[in-house]
Amino acid sequence: MASGFAGTSALADIRIGATVSETGPAAFLGDPEARTLRLLVEKINAAGGVNGEQLKLFLYDDGGDPNKARTFATRLVEDDEVQAIIGGTTTGTSMSIIPIAEEAEIPFISLAGAIEIIDPVKEWVFKTPHTDRMACEKIFADMKKQGYTKIGLISGTDGFGASMRKQCLDVVGGYGIEVVGDESYGPQDADMTPQLTNLKGKPGIQAILNPGFGQGPSIVTRNYAQLGIRLPLYQSHGVASDGFIALAGKDAAEGVRLPGTALLVAGLLPDGDPQKPVVTAYIEDYKGSHGTAPTTFGGYAHDALRIYVDAVKRAGSAEPAAVRDAIEATSGLVGTTGVVTYSPKDHLGLDLSAFRLLEIRNGGWALAE
């Protein structure tokens with residue numbers, strides 16, 4: 001189903017397309033993204049729109065299925081005649097949307113993590129989340145600081161987990177860290193104790209990293225506690241949400257470290273932090289509409305729409321080529337995920353300073369550095 005929010009004049013609408021995983025296995029990512037897009041479009045339109053024009057949102061739920069995402073992207077282009085696409089909740093759905101957006105020559109801002117989305121740079125493709133490679137670097141920098149030199153990996157075999165595992169293996173050597181155990185699990189696996197037992201027994205192992213998202217990392221965390229493993233456990237930014245703590249259990253998750261965004265620790269940010277007013281305003285708006293705090297993943301959609309709207313304002317129109325050029329010229333835009341500065345060679349626009357190293361303490365989030 002598609003949902004649209006139209007202004008008073010259909011002829012003056014800026015037509016934005018979106019396909020996200022509002023239901024299905026990635027719904028914990030896609031549902032807050034969909035809610036955020038609807039909320040912000042309504043808010044922007046109520047305030048007068050963009051350049052005097054109203055936004056009209058065409059939003060589809062692909063359920064996390066890359067084939068459905070491709071079908072909806074085609075519908076957005078051919079039937080809805082959108083001028084840009086936001087979405088691609090997962091790496092798989094994003095990769096299926098890319099050729100549609102490129103052929104249509106309209107900007108596409110992805111909400112998924114894998115570095116392959118924007119590396120190599122594609123003319124019409126941008127994204128808002130940090131890459132999996134950056135997550136590896138943030139984690140390994142902390143491990144090096146802690147003095148760990150031998151670690152284990154236990155990775156999901158889904159698109160996110162497999163991609164992050166590859167990126168971590170590519171960069172780990174630069175931090176003087178050796179991977180002494182490398183295990184994996186499938187998306188439907190319900191028990192990871194054999195793999196964790198293997199890692200626990202590796203001579204000299206000092207910490208374990210779990211690249212993955214969805215229910216897998218929660219099971220890994222519970223099994224970790226059940227086995228009484230005392231090694232430090234690191235998770236990925238793919239589980240940076242309160243839902244992960246709830247699924248894993250407060251006691252089991254205690255002490256887990258992972259890279260996350262300012263959104264999770266808004267109340268802990270110093271007053272001078274440029275992200276504090278942005279994340280605070282978003283949290284207040286979202287809570288006012290839905291009664292609960294937004295997630296990191298909703299923040300990805302928040303930033304994508306802000307980037308698009310900012311570009312339309314600077315371009316003076318919603319003409320796709322002009323907006324694409326304006327997006328690429330984005331500089332110093334403060335979002336929930338970081339401060340975004342794109343360039344012709346960089347369609348991510350974030351550096352490692354956008355990641356906050358977080359630790360779960362007493363069932364909540366704390367800054368670990």
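This report covers Thr91, one cis peptide bond and two asparagines with positive phi. The model is predicted.

**Thr91 and its contacts**

Thr91 belongs to helix α3, which spans residues 91-104. Is this residue buried or exposed? Thr91 has a relative accessible area of 15%. Buried means under 20%, so Thr91 counts as buried.

Which residues does Thr91 touch, leaving aside those up to four places away in sequence? They are Ala112, Gly113, Ala114 and Ile117. With Ala114 there is also a polar pairing: a polar atom of the Thr91 side chain lies 3.5 Å from the backbone nitrogen of Ala114.

**A cis peptide bond**

The bond from Asp119 to Pro120 is cis. Its omega is near 5°. Pro120 sits in the loop that runs between β4 (108-110) and β5 (125-127).

**Two asparagines with positive phi**

Asn51 is a residue other than glycine with a positive phi. Asn362 is likewise a non-glycine residue with a positive phi. The table gives the values and the setting of each.

| Residue | Phi | Loop | Relative accessible area |
|---|---|---|---|
| Asn51 | near 55° | between α1 (27-46) and β2 (55-61) | 42% |
| Asn362 | near 55° | between β13 (356-361) and β14 (364-367) | 63% |

How do the two asparagines class by accessibility? Exposed means over 50%, and partly exposed lies between that and the buried cut-off of 20%. Asn51, at 42%, is therefore partly exposed. Asn362, at 63%, is therefore exposed.

Methods: Residues numbered from 1 in each chain as written. Predicted model: local features only at pLDDT ≥ 70, side-chain atom pairs only at ≥ 80, totals over all residues. Heavy atoms only, no water. Helix = DSSP H or I, 4+ residues; strand = E, 2+ residues; numbered from the N terminus. Buried < 20%, exposed > 50% of the residue type's maximum accessible area, 1.4 Å probe, protein only. Polar contact = N/O pair within 3.5 Å; in protein donor to acceptor, adjacent residues only side chain to side chain. Contact = heavy atoms within 4.5 Å.
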